[in-house]
Amino acid sequence: MSPDYLTDLLKSTAPAPPTMLAPMQDVTTLGFFRLMARYGAPDFFVTEFFRVHATSTLEKDTLASITGNDTGRPVFAQLIGEDVPHMVRAAKELLAHPVAGIDLNLGCPAPKVYKKNVGGGLLRDIRKTEELLAALRDATGELGAVFTVKMRIGFDSRERFPEFLALIEKHRVDLLTVHGRTVKGLYRSAVDYDAIALAARSLPCPVIANGDITSAAKTETVLKITDCAGVMLGRHAIRNPWVFRQIREHFSGEKIFRPTLADVRDYVDALDENLCDAAMSPERRAARLKKFLNFVGTGIDAGGAFLSAMRRAPDLPALLRVCDAHLVAGGRAGTEFPQEPFAGIIARPNCEI
């Protein structure tokens with residue numbers, strides 16, 4: 001995909017803004033892409049990150065989310081690393097596959113990641129960041145390919161954020177996604193939408209807003225605050241797989257689809273069928289599903305009873321009984337699933353999500 005084609009594609013979603021599914025480790029697999037497409041795909045997908053170092057090869061499962069992508073939506077390949085020659089090597093290898101572009105991870109907040117001076121850790125090292133930006137821009141430019149970046153607003157403060165934005169402009173990044181938290185802020189600190197607005201209003205490239213975008217209504221609010229071109233959703237797309245469809249309906253003036261708890265119960269089965277291997281033990285399948293139900297549960301009940309019961313379920317049959325009890329039993333099936341999560345209900349996600 002060329003930069004000009006990207007510009008045209010971003011405009012083609014009007015009157016709705018372009019939407020992206022955030023890259024999430026152990027979540028945004030080919031199976032999850034297909035599942036999102038079933039409920040209403042975003043306009044773009046982004047892979048889990050490819051870990052790049054001197055002896056790395058392209059991970060087969062992550063590569064499959066590109067080569068097997070049959071959703072009808074473009075997918076960006078995300079890289080994480082600091083070894084410049086090998087990051088260039090990996091980018092060129094990926095550009096031999098049907099990718100929308102190469103995305104550089106400058107934001108992963110997991111301590112085990114940033115302590116290696118990659119992901120969000122690079123926001124402490126502006127010289128290395130510039131070296132990577134320059135090399136990847138040259139490599140993608142030679143092949144007429146799109147180069148994008150996903151970043152946070154700083155490591156432990158936004159003080160140097162303008163310096164990093166200057167590098168984004170200097171090296172002609174085609175699209176920037178900004179998660180409006182610092183690396184140390186993880187996922188529970190307040191999102192700094194003013195910082196995202198600074199990026200959108202000062203850069204020549206399109207900027208995508210990321211961070212606590214929970215619904216179609218919140219999308220409209222964030223776009224008005226930030227002047228961004230579009231939005232990226234991660235955890236809230238796990239909670240509500242209809243959200244990208246709802247965003248398009250909202251901006252197009254159409255009636256917004258309102259799923260019920262019975263629809264959510266069907267989604268649980270779809271998660272099991274698409275993301276769990278039937279050969280897994282019942283205990284492992286339950287553990288896999290709980291990763292996703294941690295987010296779904298923030299919209300089930302205001303008191304967190306579903307989450308409490310779900311987390312105690314020892315195996316798959318017990319977990320599905322909990323889902324039945326909280327989603328369809330006692331006349332609950334027809335209850336509307338809220339578009340916003342309940343305030344104060346904590347998902348307790350894996351720190352990489």
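## What covers helix α11

In this predicted model, the buried residues of α11 are covered by elements that include β1 (19-21), α2 (30-40), α9, β9 (230-233) and α10. Helix α11 itself spans residues 243-252, and its buried residues are Val-243, Phe-244, Gln-246, Ile-247 and Glu-249. As you follow the chain just past α11, you come to Gly-253, which takes a positive phi of about 75°.

## How α8 meets α9

Helix α9, one of the elements that cover α11, also packs against α8. Here α8 covers residues 193-202 and α9 covers residues 216-226, with an angle of about 60° between them and their axes 8 Å apart. That angle makes α8 oblique to α9. From α8, the contact uses Tyr-193, Ile-196, Ala-197, Ala-200 and Arg-201, while α9 brings Lys-218, Val-222, Lys-224, Ile-225 and Thr-226. Sorted by class, the residues of this contact are 6 nonpolar, 1 polar and 3 charged.

## The largest pocket

Now for the open spaces. The largest pocket has a volume of about 400 Å³. It is lined by 20 residues, and those closest to its centre are Tyr-187, Asp-212, Arg-235, His-236 and Ile-345. Helix α10 (residues 235-239) gives the most to this lining, with 3 residues. The lining of the largest pocket is made up of 9 nonpolar, 5 polar and 6 charged residues.

## The enclosed cavities

Why look for cavities with a probe? Rolling one the size of a water molecule over the atoms shows where empty space is left. In this model, the count comes to 3 cavities of 30 Å³ or more.

The largest cavity has a volume of about 320 Å³. Among the 26 residues that line the largest cavity, Pro-23, Lys-150, His-179, Tyr-187 and Asn-210 are the closest to its centre. At least two lining residues come from each of β5 (101-106), β6 (147-152), β9 and α10. By class, the lining of the largest cavity holds 12 nonpolar, 9 polar and 5 charged residues.

The second largest cavity has a volume of about 50 Å³. Its lining consists of Met-20, Val-46, Phe-76, Asp-103, Thr-148, Lys-150, Leu-175, Thr-177 and Met-232. Strands β6 and β7 (175-179) each supply at least two of the residues lining the second largest cavity. That lining divides into 5 nonpolar, 2 polar and 2 charged residues.

## Residues to look for twice

Two residues turn up in more than one of these lists. Tyr-187 is among the residues closest to the centre of the largest pocket and is also among those closest to the centre of the largest cavity. Lys-150 is listed close to the centre of the largest cavity and lines the second largest cavity as well.

Note on methods:
Residues numbered from 1 in each chain as written. Predicted model: local features only at pLDDT ≥ 70, side-chain atom pairs only at ≥ 80, totals over all residues. Heavy atoms only, no water. 1 Å grid on protein atoms, 1.4 Å probe; cavity = no way out; pocket = protein on both sides within 12 Å on 5 of 7 lines; lining within 4 Å. Points joined across faces, edges and corners; volume = space filled by probe spheres on them. Helix = DSSP H or I, 4+ residues; strand = E, 2+ residues; numbered from the N terminus. Nonpolar A, V, L, I, M, F, W, Y, C, P; charged D, E, K, R; others polar. Axes fitted to C-alpha atoms, helices over the stretch in contact; angles between N-to-C directions. Parallel < 35°, antiparallel > 145°, perpendicular 65-115°, else oblique. Contact = heavy atoms within 4.5 Å. Buried < 20%, exposed > 50% of the residue type's maximum accessible area, 1.4 Å probe, protein only.
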